Structures are given as structure tokens and as C-alpha cells.
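User: I'm new to this structure and would like a friendly walk through its strands and cysteines. Could you take my questions in turn?

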Amino acid sequence: MNYMKTVSVFKTSVNKKQDIKRIRPLLNRLIATNGRWNFDLEDCDRILRVESQVCLENEVINLLHYCNHECQALE
């Protein structure tokens with residue numbers, strides 16, 4: 001069965017691989033097995049792209065704020 005995926009894109013303040021390493025276990029737990037995520041640190045907005053079965057915008061924003069990073073959903 002093929003399920004629709006929700007794609008969310010965020011502007012973040014994450015700018016080092018060390019930051020991603022710290023956030024990785026939390027994002028993996030949030031996104032679980034039916035989704036994926038990645039950062040583009042070379043983009044000026046340090047983009048986080050999340051694909052999942054359900055919309056997790058608020059949860060992702062809260063998680064990054066918890067990790068002391070700015071995070072804003074992009075249209």
C-alpha cells in the first residue's frame with residue numbers, strides 16, 4: 001500500500017554537524033520508521049526537510065526550540 005507523505009520545510013539556526021549529531025536521536029524518535037529528515041547546512045536558511053506520514057510541524061519546531069535552536073516553518 002502506498003501512503004501519502006507530508007513534506008515540511010523549516011528555516012533553522014542549526015549550523016554545525018555537531019548540532020545535528022545532538023538533535024539526531026530526538027528527530028529519529030519523532031519521525032520514527034515511516035519518515036525521514038535531512039539538513040542542508042549550505043543553504044543560507046540552514047534548511048531542515050522532514051517527510052512523514054503525518055504533519056509534524058509543531059512537534060519539530062518545539063523539538064528544535066528545546067535544543068536551543070530557532071526553527072520556523074516555510075511555505
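User: How many bridges join strand S1 to S3?

Analyst: This is a predicted model, where local features need pLDDT of at least 70, side-chain atom pairs count only at pLDDT 80 or more, and totals for chains, interfaces and linings use all residues. Residues are numbered from 1 along each chain as its sequence is written, and side-chain values use heavy atoms, leaving out hydrogens and water. Strands (E, at least two residues) are DSSP runs numbered from the N terminus, and two of them pair if DSSP finds at least two bridges between them. S1 (residues 6–12) runs antiparallel to S3, and the bridges joining them number six.

User: Which residue of S3 is the bridge partner of Asn38?

Analyst: Strand S2 (residues 36–40) pairs with S3 in the antiparallel sense, over five bridges. For Asn38, the partner in S3 is Arg49.

User: How many residues of S3 are buried?

Analyst: Buried means under 20% relative accessible area (1.4 Å probe, protein chains only). S3 spans residues 47–52 and is mostly covered. Of its six residues, the buried ones number five.

User: Why is Cys71 in no bond with the closest cysteine sulfur?

Analyst: A disulfide is a pair of cysteine sulfur atoms within 2.5 Å. A search of the whole structure finds zero disulfides. The closest cysteine sulfur to that of Cys71 is in Cys67, and the bond is ruled out because the separation is too far, at 10 Å.

Terms used. Buried < 20%, exposed > 50% of the residue type's maximum accessible area, 1.4 Å probe, protein only. Helix = DSSP H or I, 4+ residues; strand = E, 2+ residues; numbered from the N terminus.
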